[in-house]
Amino acid sequence: MKHGYFDNESREYVVDNVDTPAPWTNYIGVKDMCAVLSQTAGGYVFYKSPQNHRITRFRPNSPIDMPGHFVYIRDDETGEYWTASKHPVAKGDAEYSCRHGLSYSKFKSERGGIETEQKVFIPVEDPVEIWDVSIKNNGGAPRKLSVYSYLEFSYHFIDMDNQNFQMSLYASGSKFKDNAIECELFYEGASQWFAGNFEPDGFDALRDRFMGPYRDEKNPIAVELGKCSQSYEKGGNHCGVLQKKVELAPGESTRLIFMLGEGKIEGSREIRDKYSDFKNVDQAFEDLRLFWDKKLSQLQVKTPNEGMNTSLNIWNLYQAEVNILFSRFASFIEVGGRTGLGYRDTSQDAMTVIHTNPQKCRQRIIELLRGLTNAGYGLHLFQPEWFDPEAKQNEFKSPTIVPDTRKEAVVHGIKDACSDDALWLVGTIAEYVKETGESGLLDEIVTYADGGEGTVYEHLKKILDFSAEQVGSDGICKGLRADWNDCLNLGGGESALVSFLHYWALGNFLELADHFGKSPEDIKKYLEIKERVRKACDDKLWDGEWYLRGFAASGKKIGSSADEEGRVHIESNAWAVLSGIAQGEKAQKALDSVDKYLYTPYGLMINSPSYTKVNDEIGFVTRVYPGVKENGAVFSHTNPWVWCAEALAGNGERAMRYYNSLLPVNQNDMIETRRAEPYSYCQFIMGKDHTAFGRANHPFMTGSGGWAYFAATHYILGIKPGYSELEIDPCIPPSWESFEASRKWRGATYNIKVENPKRVSKGVKELYVDGSKAESVPVFQDGTIHTVLAVLG
């Protein structure tokens with residue numbers, strides 16, 4: 001079963017059967033304002049913070065995704081009404097569709113000869129959500145219609161939206177002035193406004209007056225009666241309803257613009273005037289298209305794998321960008337209770353899209369460095385403004401919600417530190433300098449979370465030193481509160497994954513230090529640490545056919561052939577190879593074990609067999625249902641690590657098999673199993689030990705998006721920026737005759753072709769740059785265009 005198709009020319013996913021098994025979401029906005037909307041226009045919008053600055057309200061974990069950003073159409077002659085999107089008012093004789101594009105969505109309905117399209121987007125430069133509504137009369141008779149907008153305003157704070165209504169209900173007020181509605185958050189002195197490019201024929205700013213008692217969005221009394229009540233007051237629940245009457249002759253159409261903005265009505269006139277002009281609306285939408293044109297043009301590929309082309313050229317990069325833009329806490333799943341930056345999550349996200357968003361990745365790197373302690377561990381979850389000297393502190397003092405942002409309160413100790421968090425940042429900074437050439441970043445002075453300051457280079461050394469100090473009796477890094485797998489706590493034991501990550505981070509640091517001529521004493525010191533890590537891993541972690549996952553505090557081996565449950569774990573075996581510790585026969589055996597025990601048609605499981613017996617010595621993972629999340633599911637984030645490992649080992653066929661098994665595009669025709677969006681990687685897919693094997697869960701906000709893009713482009717296609725050259729080292733299926741890519745790097749364009757006449761997987765036999773044989777691909781002058789031919793053999 002499928003519910004839509006990929007329109008690659010328009011860069012849209014077309015949902016032509018909107019009755020999807022779950023909400024299929026999209027992200028609207030590219031800067032401070034963002035909306036998360038489903039294929040039926042359900043969802044919400046926020047400004048900067050989805051936790052503390054919601055603009056519209058959303059009721060999560062509900063059978064129907066509501067409220068949303070809705071447009072009602074009423075036939076004023078018959079009294080019948082429906083919506084541009086299928087919800088909230090679904091009519092059986094109407095046709096509905098949705099087109100999700102890059103930072104916009106279009107909702108379309110056709111009923112009784114009336115065709116309606118609601119296009120929702122946020123301009124690149126202005127914090128205003130625009131609903132561009134077109135209505136056409138395709139019938140043979142004149143029509144008298146009324147159009148109503150609807151959104152429900154939030155109290156800004158998630159906690160205020162969902163609890164303590166004896167305060168919340170009196171925290172905001174509404175008014176109507178200058179043909180616009182304003183919702184004022186009186187306690188904090190903030191406001192939002194909602195307006196149109198027309199003079200309304202009616203309005204409602206009170207939700208309960210628009211809805212009527214014991215009604216909801218499906219049957220609002222104002223639409224049913226065809227008349228708003230011009231309601232507003234101080235206190236209560238507020239909404240944005242503007243009514244406009246239109247008359248359409250046969251074949252005639254009309255266009256209305258609705259606008260949702262930040263601030264007071266008095267300050268909105270300039271932006272309202274701007275977007276009341278259709279030319280400016282059209283230009284803003286064109287600017288949004290050009291915004292994504294520029295990003296996508298940084299790397300375009302043409303391979304024999306059409307699913308890979310669709311994903312890498314459009315949707316995979318889009319998902320990775322959404323994560324670096326909005327972090328992980330804005331979705332239909334993450335709907336409050338957590339906010340800010342996750343240290344490990346953001347570190348990895350910032351590594352994957354440097355070529356398309358260097359400014360945002362650099363911003364994230366600095367924010368993460370500020371969230372590092374002098375001891376060398378990162379704050380697992382923090383608000384970047386806590387440590388930003390230029391950030392304006394929130395002066396709102398809620399009488400019931402009192403966040404404590406004093407440094408001594410938010411800088412946690414080592415007992416709450418995760419052992420892997422900061423190690424990811426070392427590789428990210430190395431990738432940033434390789435991509436941009438900005439070596440000056442290493443000497444930039446950045447503060448520490450708990451006081452003091454140091455260069456970026458000094459921050460890196462503290463990260464490496466912390467992991468070198470935090471080792472157990474076997475010489476393996478301690479797991480501390482947890483490593484990457486939050487549920488594998490090890491009770492204070494040792495983590496194989498973290499030691500492999502430490503080795504990888506050391507390798508990145510040493511390459512960087514050597515290239516830029518850093519202290520010989522530093523290079524000597526960290527080479528010795530690196531060798532110590534290698535020896536400990538080699539001596540203690542090999543189990544005969546695969547690598548252990550670690551040791552519990554008691555010394556018990558985790559992930560051993562002697563275990564009945566959790567015998568093989570993906571993280572340690574992938575990173576043993578990816579880090580460079582596992583070589584030759586051990587590397588091949590480890591990867592063979594991953595294939596034998598963890599492969600499924602939907603991707604690689606995180607461990608097998610699933611845990612069924614509670615064992616707190618191993619961790620919370622043993623209390624998770626078998627086949628779910630960290631216990632035997634296909635945890636998507638870990639899969640690309642294996643693609644990288646297989647590519648390093650030269651196993652192109654297997655790397656591509658794994659890539660194809662997880663690729664969302666390939667599951668477009670099996671939605672009865674997948675359920676989730678086929679244009680987004682999901683956090684996890686139910687494993688074979690669960691009755692819903694193959695069901696994908698939690699789209700968009702997952703590190704699997706960035707890692708899938710990074711692994712496919714850097715390792716499978718093998719296009720890797722270096723400090724002074726662009727490396728071309730693919731690992732592809734032997735069946736591929738060739739592939740092409742256009743890559744922009746440091747301002748120059750590299751048109752790359754890889755030929756495979758000998759039908760091998762790996763190994764560049766000959767390299768040509770601009771028609772001449774070459775040993776490497778150098779950095780070229782900004783604005784120049786060059787051809788690269790790599791011949792495998």
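These legends accompany three close-up views of a predicted model.

**View 1. Helices H9 and H11 pack against each other at an angle of about 145°.** Here we look at H9 (residues 358–370) and H11 (residues 423–436), whose axes lie 11 Å apart. Their crossing is left-handed. On the H9 side, the contact is made by Pro358, Arg362, Ile365, Leu368 and Leu369. These meet Leu425, Thr428, Ile429, Tyr432 and Thr436 of H11. Sorted by character, the residues of this contact comprise seven nonpolar, two polar and one charged.

**View 2. Helix H5 has buried residues on one side.** In H5 (residues 269–276), look for Ile271, Arg272 and Tyr275, which are buried. Why do they sit on the same side of H5? The reason is that they cover an arc of only 100° around the axis. As a general reminder, an α-helix has 3.6 residues a turn, so residues three or four places apart point the same way. The cover over the buried residues of H5 includes strands E12 (128–137), E15 (180–185), E16 (190–196) and E19 (253–262), along with helix H6 (278–296).

**View 3. Strand E18 is mostly covered and pairs with E13 and with E17.** Of the 11 residues in E18 (residues 238–248), nine are buried. Strand E13 (residues 143–150) pairs with E18 in the antiparallel sense, over six bridges. To find your place in this pairing, start at Ser146, which stands opposite Lys245 in E18. Strand E17 (residues 202–206) also runs antiparallel to E18, and four bridges join them. A handy landmark here is Asp204, opposite Val241 in E18.

How values were computed:
Residues are numbered from 1 along each chain as its sequence is written. This is a predicted model: local features need pLDDT of at least 70, side-chain atom pairs count only at pLDDT 80 or more; totals for chains, interfaces and linings use all residues. Side-chain values use heavy atoms; hydrogens and water are left out. Axes are lines fitted to C-alpha atoms, for helices over the stretch in contact, and angles run from 0 to 180 degrees between N-to-C directions. Helices (H or I, at least four residues) and strands (E, at least two) are DSSP runs, numbered from the N terminus. A crossing is left-handed if the near helix is turned anticlockwise from the far one by less than a right angle, and right-handed if clockwise. Contact means heavy atoms within 4.5 Å. Ala, Val, Leu, Ile, Met, Phe, Trp, Tyr, Cys and Pro count as nonpolar, Asp, Glu, Lys and Arg as charged, and the others, Gly among them, as polar. Buried means under 20% relative accessible area, exposed over 50%, partly exposed in between (1.4 Å probe, protein chains only). The arc is that of the directions from the helix axis to the C-beta atoms. Two strands pair if DSSP finds at least two bridges between them.
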